[in-house]
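Let's take a walk through this structure together, beginning at one side chain and working outward. Have a look at the model first.

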Amino acid sequence: MKVSPKYYDEQFPFLGEWDMESLCGLKIREADGRTYVIVTELYQENPGTSVTYAGEKLLQQICDAKKLNPAAVTYIECNPDTNSKLSFYDEEYFKVDFNADQQHRYRRLESEDVKKILSQCGE
Amino acid sequence: MTETIKMKLIYPRWKKLPGQTTFNLPPHGPVAYAATLPEYVDIDFVDENVEELNFDDPCDIVALSTMLSTQVKRAWEIADEYHRRGKTVLAGGISAMLHAEEFVKHVDSLFLGESEGRSEQALIDWKEGKLKKVYNFMGKQPPIESVGPCRRDLYKRDLYNHKGVQMVDLFHASRGCRFSCYPCAVSYLGGRKFRPRPIDKVVEDMAAIDNNRLFIVDNSLAQDKEWEKELFRAIAPLKKKWISHTIEDDPEVLDLAAKAGAWYVYQAVYDTSDYIKERVRRYHDNGIGVEGTILLGLDNQTVDDCKRLIDFLGEIDLDLAEFTIMTPFPHTKAYDDYLRQGRIFDFDWDHYNAGQVVFKPAQMTPDELQGVYEYAWQSFYASETQESKMFRLFCNVALREMNEGTYRPRNRALANKSFGKEVDRTVKTHQNAF
């Protein structure tokens, strides 16, 4: 269940729950004065905490490492397609608002939405 | 000489699922932890599932060991009571790790990770008044060679006995898991790498257990075929009989497993394919029983799908079946998915028993899923009770043991006891059953 490198520009090491060494895929794009941070779950390549469980802690570490302003970041979580026959390993994107309550924190993005974001960023 | 520390080691009780045959197995976690403690610790082990906990028993320090999510709230109650009595409370174990953020609020010190070579430090710090809130070894597993025999001498053996029949002992031959299965947290807990124990250690450890029937609790033995074959060859001379999770679907491996004493396996039945049918048949062809494990409530299942799956079980000649409701335990992909989708409506950990719906299923209502679960148990055991099917499996193993000269007759002195309590011998008739 290896995640295709097409989902990320780099593998980003982070400290997950209880400072566990963890790893995610990372893509950062700029468009219209906003910064889009796309983190991708790496499943078996990630030795620690999932990107979802790490949540805001991961955003903060990315912002610290890349010198980004969290308030100017649109944060997107990606569940990559792993070519599994199991549907729950299909590709999915979620826009995350850590200021929202639990019920409204994640908004699922359609593939078209993601393509639009990436095309705005010149991809 | 170091002064003796009297430790009360407690395995908290949990509420058993209604309608199912209750068996209490001697727990593995507490005795695995106990084996890592220094000799100067005098341990009094209490398993609340089979005996009463007396808070007045003298002790210097308390340690809670938990495995299930349904134990954590009881563990916190116990910790609160001991705090009222001025005692220091330590905690660790699988569900202590899964629910660590909450757990740490209830105890004086939480141990995260595997304890081999690491448990003494907390005691030294405690004696020096420097106990840390968390001893964090998550993701830093000790060498697998350091895993030694469990302290099974701590069990009160008579309590793990049903009508004179000794329950199986739990045993582990490996840790970690290279799979990332949807509802499972083992790779988070034990690492995403399969870590087999050295075969000679496994054999030595297994041979020393005063029980001919074991449950090898490893997540899956089907992770390294060569190790698996070597393991089966090495343990065969011990003539133990054992239960395990999945075994590699390979004729040579299955043959070796059977010769090594495979009694029955837990095999996931997730669809109605010929593959599943054949998989079960291949176990049976090798004389290995099969308990199907059926997970209900996955996103691709409708009520009709579940019922078709339940009906299918009648075609594949399972020896036993265990039905569970999909449950999003923390640190699983299921938890992440349902959390993102806002589908978890119940965060009461007492309800995370895999028999109660705590999330919104994708293609049915929570009530429909609960109904399907009840239907599954009733339907599968309609013609023969769970206890009766278990008895047949038991007879199979007893016959094999008799042929091999390893059979131990049941302990007649305990014939009227079940897990420490008197057996209710009242014969139920239609008149007095209701």
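A good place to start is B:Leu393, which, leaving aside residues up to four places away in sequence, touches B:Tyr264, B:Gly289, B:Asp319 and B:Leu320. Keep in mind as we go that this is a predicted model. B:Leu393 sits in helix α14 of chain B, which covers residues 386-404. One of its partners, B:Leu320, is 73 residues away along the chain, yet the C-alpha atoms of B:Leu393 and B:Leu320 are separated by 8.8 Å. Is B:Leu393 buried or exposed? The residue falls in between: B:Leu393 counts as partly exposed because it has 17 C-beta neighbours inside 10 Å, whereas a buried residue needs 20 or more.

Now step back to chain B as a whole. The contact between B:Leu393 and B:Leu320 has plenty of company: of the contacts in chain B between residues at least 6 apart in sequence, 73% join residues at least 24 apart. Chain B contains 14 helices and 18 strands. Its radius of gyration is 22 Å, close to the 22 Å that the globule rule gives for 434 residues, so chain B is as compact as a globular protein of that length. Along the principal axes, the C-alpha atoms of chain B fill a box of roughly 65 × 55 × 55 Å. Buried residues make up 40% of the 434 residues in chain B.

Some of those buried residues belong to helix α5 of chain B, residues 119-127, where they are B:Ser119, B:Ala122 and B:Leu123. Why do they line one face of the helix? Viewed down the axis of α5(B), the buried residues fall within an arc of 95°, so they share one face. The spacing helps to make sense of this: an α-helix has 3.6 residues a turn, so residues three or four places apart point the same way. The cover over the buried residues of α5(B) comes from both strands and a helix of chain B, including β1 (5-11), α1 (29-34), β2 (41-47), β4 (88-92), β5 (109-112) and β6 (134-136). Just after α5(B) comes B:Gly129, with a positive phi of about 70°.

Further along chain B, two helices pack together. Two packed helices are described by the angle between their axes and the distance between the axes. For helix α11 (residues 303-313) and helix α13 (residues 366-380) of chain B, the axes come within 10 Å and cross at roughly 10°. An angle under 35 degrees counts as roughly parallel, and α11(B) and α13(B) are therefore roughly parallel to each other. On the α11(B) side the contact is made by B:Val303, B:Cys306, B:Lys307, B:Ile310 and B:Leu313, which meet B:Glu368, B:Val372, B:Tyr375, B:Ala376, B:Ser379 and B:Phe380 of α13(B). By class, the residues of this contact are eight nonpolar, one polar and two charged.

Positive phi values also turn up outside glycine. B:Lys163, in the loop between β7 (161-162) and β8 (165-166) of chain B, has a phi near 50°. B:Lys163 counts as partly exposed, because it has 14 C-beta neighbours inside 10 Å. In chain A, A:Lys67 has a positive phi of about 55° and lies in the loop between α2 (56-66) and β4 (73-79). With 6 other C-beta atoms within 10 Å, A:Lys67 is exposed.

Finally, look at where the two chains meet. Chain A and chain B each give 19 residues to the contact. The side of chain A that touches chain B has 10 nonpolar, seven polar and two charged residues.

Methods. Residues numbered from 1 in each chain as written. Chains lettered and ligands numbered in written order. Predicted model: local features only at pLDDT ≥ 70, side-chain atom pairs only at ≥ 80, totals over all residues. Helix = DSSP H or I, 4+ residues; strand = E, 2+ residues; numbered from the N terminus. Buried ≥ 20, exposed ≤ 12 C-beta atoms within 10 Å, placed from the backbone. Contact = placed C-beta atoms within 7 Å. Nonpolar A, V, L, I, M, F, W, Y, C, P; charged D, E, K, R; others polar. Arc of directions from axis to C-beta. Rg over C-alpha atoms; globule rule 2.2 N^0.38 Å. Axes fitted to C-alpha atoms, helices over the stretch in contact; angles between N-to-C directions. Parallel < 35°, antiparallel > 145°, perpendicular 65-115°, else oblique.
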